[in-house]
Amino acid sequence: MSYAVITGASKGIGKAMAEELATKGYSLLLVARSADLLQELSSRLAGRYGVKADCLAVDLSATDAAEKVYQHCRNNQYPVTVLVNNAGYGLSGSFEKYSLADELNMMQVNMSALVQMTRLFLPVLRDQPKAYILNIASTAAYQAVPYMSLYAGTKAFVLTFSRGLRWELRKSGVSVTCVSPGATDTEFTVRAKIGEKGLKTAAKVNMTPEAVAKMAIDGMLAGKAEIIPGLVNKLGAFLVWLMPKGLVEKTAMKIYE
């Protein structure tokens with residue numbers, strides 16, 4: 001029996017990835033803040049797909065949250081073969097709009113918790129014949145995004161860390177994949193407090209969580225290094241690389257200011 005640990009699993013892409021892994025026969029540990037949503041999801045997936053589905057309500061902005069997840073798996077002797085670091089959120093607006101505590105909280109969830117989970121679970125994953133780490137970045141990882149400056153910075157970290165770690169583990173049985181979704185029909189824009197212009201832009205290219213999840217899980221199991229779901233998002237990442245940085249950043253600024 002193989003277990004997949006998924007953070008941020010109660011909604012959006014995380015929820016869709018949990019279902020995608022359940023269809024492939026993986027047992028699940030679903031991790032997020034909302035106990036009620038997790039319990040509902042775990043019961044539904046267990047009943048529908050005949051897999052074991054456990055849940056653990058923790059807030060990954062707490063510095064000891066990753067340790068709690070790891071110890072839960074250890075205490076229950078779960079043979080973890082897949083780690084999905086999906087938890088994350090954004091804050092839009094000027095850098096000075098938010099308190100230092102707000103900014104550090106986002107950095108903890110988007111970066112530090114991901115690193116902590118990866119470091120804690122890596123020895124467990126190494127013990128498996130084949131194992132996977134799937135880290136969730138964003139198309140914002142490919143450029144500076146004024147008025148979402150820190151969020152884009154956290155996602156650039158996730159992408160760079162994932163690619164580097166993949167090379168370090170190349171001779172092991174652990175494959176590292178990073179997926180960078182673009183606009184997706186989730187509650188991300190609500191928590192990030194995206195303005196009207198940003199919402200209108202996103203609405204034109206929104207993907208469903210289910211479509212993103214399928215591409216992410218299929219790409220992970222295929223051993224891909226990096227996945228950008230959707231043709232529009234792939235094209236956007238290429239144009240960012242091709243065009244002058246100043247022009248790209250000015251264009252992004254007009255969307256989010």
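This report describes the sheet, the nonpolar cores, the helix packing and selected loop residues of a predicted model.

## The sheet

Seven strands make up an open sheet, ordered S3-S2-S1-S4-S5-S6-S7, and the pairing is parallel. At its edges stand strand S3 (53–57) and strand S7 (226–227), each of which pairs on one side only. In general, the strands of a sheet pair through backbone hydrogen bonds, in either a parallel or an antiparallel sense.

Two of the pairings can be described in detail. S1 and S2 run parallel and are joined by five bridges. Within this pair, Val5 is placed opposite Leu29 in S2, and Thr7 is placed opposite Val31 in S2. S4 and S5 are likewise paired in the parallel sense, over four bridges, with Leu83 opposite Ile133 in S5.

Strand S1 is mostly covered, five of its five residues being buried. Its two faces are both covered: Tyr3, Val5 and Thr7 lie on one side, Ala4 and Ile6 on the other, and all are buried. Strand S2 is largely enclosed by the rest of the structure, because six of its six residues are buried. On one side of S2 these are Ser27, Leu29 and Val31, and on the other Leu28, Leu30 and Ala32, so that both faces are covered.

## The nonpolar cores

The largest nonpolar core comprises 31 residues. Those with the most contacts inside this core are Ile6, Met17, Leu21, Leu28, Leu30 and Leu134. Two or more residues each come from strand S1 (3–7), helix H1 (12–23), strand S2 (27–32), helix H2 (35–49), strand S4 (80–85), strand S5 (131–136) and helix H8 (209–221). H1 contributes the most, with six residues.

Leu28 illustrates the contacts made from S2. Apart from neighbours within four places in sequence, Leu28 is in contact with Tyr3, Ala4, Ile6, Ala18, Leu21, Ala22, Leu45, Lys52, Ala53 and Asp54. A second core, separate from the largest, has 23 residues, among them Ala66, Val80, Leu83 and Leu169.

## Helices across the sheet and against each other

Helix H4 lies across S1, S4, S5 and strand S6 (174–179), and runs at about 165° to S4. Helix H8 lies across S4, S5, S6 and S7, and runs at about 140° to S5.

A pair of packed helices is described by the angle between the two axes and by the distance between those axes. For helix H4 (residues 100–126) and helix H5 (residues 149–168), the angle is about 10° and the axes are 9 Å apart. The two helices H4 and H5 are therefore roughly parallel to each other, since angles under 35 degrees count as such.

On the H4 side, the contact is formed by Glu103, Met106, Met107, Asn110, Met111, Leu114, Val115 and Thr118. These meet Leu150, Tyr151, Thr154, Lys155, Phe157, Val158, Phe161 and Leu165 in H5. By class, the residues of this contact are eleven nonpolar, three polar and two charged.

## Loop residues

Most residues other than glycine have a negative phi. Two loop residues that are not glycine have a positive phi in this model: for Gln77 the value is about 55°, and for Tyr147 it is about 75°. Gln77 is located in the loop between helix H3 (65–75) and S4, whereas Tyr147 belongs to the loop between S5 and H5. A third loop residue, Glu96, is placed between S4 and H4.

The relative accessibilities of these three residues are listed below.

| Residue | Relative accessibility | Class |
|---|---|---|
| Gln77 | 69% | exposed |
| Tyr147 | 29% | partly exposed |
| Glu96 | 75% | exposed |

Gln77 counts as exposed because its relative accessibility is 69%, and Glu96 counts as exposed because its value is 75%. Tyr147, at 29%, counts as partly exposed. Glu96 and Gly12 are separated by 84 residues in sequence and by 29 Å in space, taken from C-alpha to C-alpha.

Note on methods:
Residues are numbered from 1 along each chain as its sequence is written. This is a predicted model: local features need pLDDT of at least 70, side-chain atom pairs count only at pLDDT 80 or more; totals for chains, interfaces and linings use all residues. Side-chain values use heavy atoms; hydrogens and water are left out. Axes are lines fitted to C-alpha atoms, for helices over the stretch in contact, and angles run from 0 to 180 degrees between N-to-C directions. Angles under 35 degrees count as roughly parallel, over 145 as roughly antiparallel, 65 to 115 as roughly perpendicular and the rest as oblique. Contact means heavy atoms within 4.5 Å. Ala, Val, Leu, Ile, Met, Phe, Trp, Tyr, Cys and Pro count as nonpolar, Asp, Glu, Lys and Arg as charged, and the others, Gly among them, as polar. A nonpolar core is a set of buried Ala, Val, Leu, Ile, Met, Phe, Trp, Tyr and Cys residues joined through side-chain atoms within 4.5 Å. Buried means under 20% relative accessible area, exposed over 50%, partly exposed in between (1.4 Å probe, protein chains only). Two strands pair if DSSP finds at least two bridges between them.
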